[in-house]
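Grab a coffee and open the viewer. Here are a few exercises to work through, each with its solution.

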Amino acid sequence: MRHPLTALFLLLPLTACNPDGSTGKESLPTGLSGSDEDGDGFSTSQGDCDDSDAGVNPEAAELCDGADNDCDNEIDEGVTATFYADADQDGYGDSGAAMEACAPPDGYTTDTADCDDADAGVNPDAAEVCDGVDQDCDGAIDDGVTVRGYEDADGDGYGDPLVWADACDLPPGSVTDDSDCDDSSDDVHPGATEVCDGLDNDCDGLTDEEVSYTWYADLDGDSHGNPLLPIQACAQPAGYSGSSDDCDDADADVNPDALEVCDGYDDDCDGLTDEDDAVDAAIWYADTDGDGWGDAGVTAPGCTEPPGYTALPGDCDDGDAATSPGAIEYCDGADDDCDGQIDEDSAVDAPLWYADGDGDGYGDARVSVHACSQPGGYVADATDCDDGAAAAYPGATEFCDGIDNDCDGAEDEPDAADALIWYADSDRDSFGDAAQPTTACDQPAGYSANDLDCDDTDLSVYPGAAEYCNGYDDDCDGQIDEGSAVDAVAWYADADGDGWGDPGSAVSACSQPAGYVAGDDDCDDADTGTHPGAPEYCDGIDQDCDGSADEQA
């Protein structure tokens, strides 16, 4: 039978050759030209093997279409693929039946892994079944699908590991278990109850294990046997014990389960007498310093007191014989009396501290505490006279503040730093004598805050008093009988010495100033012939100062 592709190959044109042996693709001689019918840039003289198809020329890409697209006298070269016959249509091909084609023909595939192309159930993806066929094409038949059966001659469900066979189905009288150690007896198999019969009933490699035992005579009935009187039996005989640890089988109170007591016997059969773990053993405490008190952290049990131990616990420093409960507490940085406190206030040598409520460094003698170390808010001094005022303490500067600042028993005394100076006011005119000062916080009786009185014996003499023409400095301004005196008179300048003064030149003074007169009627103080009472002349001048000139001259 002709291969399906044979017809395809018969359609392919044979390679054409000219009579001279050329292919026809050679260029035309220089100077000649040919037509380009299909407009692809090549003429027949330039190698175009089909000038009616623009897709066919020497530079065209070869296509899988049964044509010589690139004019190289070969058809579909380099563009076909190999396909394999898939007769059973399972998607896997027969590697021995191949063909070349542009596209897969019907009944062909690119796969070559089918080991039986006549059976669609046989291919690399098929599931292996137990039927004597290699369904999955892995070269093995019935691999992984057979079962191994072991002969179970006694029918106890456990097989003989030495008699077996592999098959697709478990043979009759076979089981998958291979752990029977005696396939002739259905009472012998793994999990069977071991009995005292000389057989390995449970197939664990042991015979009569845990069913045949050694028993020991228990003469005192304390459940502990005498190691010198053993017997073998599967079950415990009366009067026997499974243990062999009784050290005195004549005394039921002596055995390994008994409690050790301080009685001079080895009650618990451990080979020791009255050891430290006896139930009535006392607890002893290490007394390294020999003060009769022990360290509660270092103990030793025992029926008798060990050397270097005591029955009294509570020593907080077993390296110091002076430290123990009941010892006297001192201010020494140690807990001498072991009460859990160091240098407490009750220490015999604890000093007394005094409350310093105002923080001035001086304490209140009425408020005190004993303490080894200075408590906060307390001082060793007890001389503060006012612990509510930080400005009051011995040696402080005294101020006028109603407080005994220097704690001398007196308040606001004259030597206070801010005491004022006062001046004696003997005449009680509220002005003091600068020659009689004193200091005091408050104004003393008979004293003034100022020192401005110039005569402290005369009540009428003081700054601001009325000045009189009396020969005294009444207003203490340093001047006597000055012109401002209340009884001073007016005096008028007599420039022309005619005894009459100029009314516009008045001055006040207690006594007549030189060049001044008491009268003020001179109408021309530059002319000695002009004044009241002067003779009148016919000269156009008012000589007599009566307001008229030349009258009845």
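The exercises below cover a core, an aspartate in a loop, and some cysteines.

Before you start: this is a predicted model, where local features need pLDDT of at least 70, side-chain atom pairs count only at pLDDT 80 or more, and totals for chains, interfaces and linings use all residues. Residues are numbered from 1 along each chain as its sequence is written, and side-chain values use heavy atoms, leaving out hydrogens and water.

**Exercise 1. Find the residues that make up the largest nonpolar core.**

Step 1: Know what you're after: buried Ala, Val, Leu, Ile, Met, Phe, Trp, Tyr and Cys residues joined through side-chain atoms within 4.5 Å. Buried means under 20% relative accessible area, exposed is over 50%, and partly exposed sits in between (1.4 Å probe, protein chains only).

Step 2: Pick them out: the five residues are Phe83, Ala85, Met99, Ala101 and Tyr108.

Step 3: Place them: strands E1 (81-85) and E2 (98-101) each supply at least two residues of this core. Strands here are DSSP runs (E, at least two residues), as are helices (H or I, at least four), numbered from the N terminus.

**Exercise 2. Work out where Asp86 sits and what its side chain reaches.**

Step 1: Asp86 is in the loop between E1 and E2.

Step 2: Check burial: with a relative accessible area of 5%, Asp86 is buried.

Step 3: Look for a polar partner: the Asp86 side chain reaches the backbone nitrogen of Asp90 at 3.2 Å.

Step 4: List who Asp86 touches (heavy atoms within 4.5 Å). Leaving out residues up to four places away in sequence, its contacts include Tyr108, Thr109 and Asp117.

**Exercise 3. Describe the disulfide that joins Cys331 to Cys372.**

Step 1: Apply the rule, a pair of cysteine sulfur atoms within 2.5 Å. Cys331 and Cys372 pass, at 1.8 Å from S to S.

Step 2: Read the torsion: about -80° around the S-S bond, so this disulfide is left-handed.

Step 3: Trace the chain: Cys331 lies in the loop between E12 and E13 and Cys372 in the loop between E14 (364-370) and E15 (378-379), so the pair ties together parts 41 residues apart in sequence.

Step 4: Compare accessibility: Cys331 is partly exposed at 26%, while Cys372 is buried at 16%.

**Exercise 4. How far from Cys538 is the nearest cysteine sulfur?**

Step 1: That sulfur belongs to Cys523 and is 16 Å away, and Cys538 is in no disulfide.

Step 2: At 64% relative accessibility, Cys538 counts as exposed.

Definitions and conventions
A polar contact is a pair of N or O atoms within 3.5 Å; within protein, one must be able to donate a hydrogen and the other to accept it, and residues adjacent in sequence count only if both atoms are side-chain atoms. Contact means heavy atoms within 4.5 Å.
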